[in-house]
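Here is a friendly walk through one protein model, meant to be read with the structure open beside you. We will go from pockets to sheets and end with a ring pair.

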Amino acid sequence: MKYFPITIVDDFFENPDDILKLAKEVDYQSKGEYTYPGCVSNLTVDKINFDLFVYTMKKTLSMYWEGECNENFEVTMQFQKIEPHKDTLLNKGIIHHDFIENELFSGVIYLNENSTDSGTSFYELKDSYKNYNTSEEFFKHLEVTKQYHAGREHHNLKSILRKHRNKFQEIMKLQSKKNRMVLYSSGDWHSQTTYGQNTRYTIRYFCRSNSNGKNFPICRV
């Protein structure tokens, strides 16, 4: 179920250079068999800088509700850095949706300037592949993706990535811009358009709730 529209906010932080400096200073996890590229911070943002965490979530939620929101939200927020790849195909993000149970929306804040087309693209499955995400081929693709992100390239990696990408059509492309926030429903198919030409620093966050969603933005009447 999609509860939140794609939302863009520029000039999100009042002190973006301080946030970028922090992102460069924190410790990051080693690469592993994850569905996401690059590395995320060892500690979540609430453990690194609680005021930053609270500010980010209050500003995010205030876009949809006035005053205090009483929903029981659970948020995971981390810094992420991704190094670019010299190969054009491998420098593109892998199309996915977020798989966290009961997740409502995902957000990303671009922390540094990067090259054109290093933002976020959104996709839909082509009509002939509507059941792809429950197919054996899709789950096999996920396993190859995790191995690739851990540094182990499958012998047929490029062919698998092309076949996966060819099942989608791009419906929206958002350019990265320093201090720009992009928020979207977690079920939206998306990817990094490219990883850019230099290290890509972002804050990423995922929000879950036990609510039935009747008061969420797209569900209002």
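By class, how many nonpolar, polar and charged residues does the lining of the second largest pocket have? The answer is six nonpolar, four polar and three charged residues. Please keep in mind as you look around that this is a predicted model.

**The pocket and the cavities**

That second largest pocket has a volume of about 260 Å³. Its lining is made up of 13 residues, and those nearest its centre are K31, G38, E83, H85 and Y148.

Turning to enclosed space, the structure holds three cavities of 30 Å³ or more. Two of them are set side by side here, with their volumes and the classes of their lining residues.

| Cavity | Volume | Lining by class |
|---|---|---|
| Largest cavity | about 90 Å³ | seven nonpolar, two polar, two charged |
| Second largest cavity | about 70 Å³ | four nonpolar, five polar, no charged |

If you would like to find the largest cavity on screen, look for its lining residues L89, L90, K92, G93, I94, I95, Y148, L161, H164, R165 and Y195. Helix 5, which spans residues 157–165, gives the most to this lining, with three residues. Y148 belongs to the lining of the largest cavity, and Y148 is also one of the residues nearest the centre of the second largest pocket.

The second largest cavity is lined by T35, Y36, P37, I94, H96, H141, L142, T145 and H149. I94 appears here and in the lining of the largest cavity as well.

**The six-stranded sheet**

Now for the strands. Six of them form an open sheet in the order 1-7-4-9-3-2, and the pairing is antiparallel. Strand 1 (7–9) and strand 2 (39–40) are at the edges with a single partner strand each, so one side of each has no neighbour in the sheet. As a general reminder, the strands of a sheet pair through backbone hydrogen bonds, either parallel or antiparallel.

At one of those edges, strand 2 pairs with strand 3 (residues 73–82) in the antiparallel sense over two bridges. Here C39 stands opposite K81 in strand 3.

Two helices to look at next both pack on this sheet. Helix 1 (residues 16–25) touches strand 3 and strand 9 (200–209), and the direction of helix 1 makes about 90 degrees with that of strand 9. Helix 3 (residues 50–61) touches strand 3, strand 4 (103–110), strand 7 (180–185) and strand 9. The direction of helix 3 makes about 110 degrees with that of strand 3.

**The three-stranded sheet**

Another open sheet has three strands, in the order 6-5-8, again with antiparallel pairing. Its edge strands are strand 6 (168–174) and strand 8 (189–192), each of which pairs on one side only. On average, neighbouring strands of this sheet are turned by 30 degrees against each other, direction ignored.

Strand 5 (residues 120–125) pairs with strand 8 in the antiparallel sense over four bridges. To find this pairing on screen, start at Y123, whose bridge partner in strand 8 is W189.

**Aromatic rings**

How many aromatic pairs does the count come to? There are 21 aromatic pairs. Among them is the pair of F4 and W65, which is edge-to-face, with 6.2 Å centre to centre and 70 degrees between the planes. This pair links distant parts of the chain, 61 residues apart: F4 is in the segment before strand 1, and W65 is in the loop between helix 3 and strand 3.

Note on methods
Residues are numbered from 1 along each chain as its sequence is written. This is a predicted model: local features need pLDDT of at least 70, side-chain atom pairs count only at pLDDT 80 or more; totals for chains, interfaces and linings use all residues. Side-chain values use heavy atoms; hydrogens and water are left out. Two strands pair if DSSP finds at least two bridges between them. Contact means heavy atoms within 4.5 Å. Axes are lines fitted to C-alpha atoms, for helices over the stretch in contact, and angles run from 0 to 180 degrees between N-to-C directions. On a 1 Å grid over the protein atoms alone, a cavity is a set of points where a 1.4 Å probe fits but cannot get out, and a pocket is an open set with protein on both sides within 12 Å along at least five of seven lines; lining residues have an atom within 4 Å of a point. Grid points are joined across faces, edges and corners, and a volume is the space filled by probe spheres set on the points. Ala, Val, Leu, Ile, Met, Phe, Trp, Tyr, Cys and Pro count as nonpolar, Asp, Glu, Lys and Arg as charged, and the others, Gly among them, as polar. Rings of Phe, Tyr and Trp (its six-membered ring) pair if their centres lie within 6.5 Å; planes under 30 degrees apart count as stacked, over 60 as edge-to-face and the rest as tilted.
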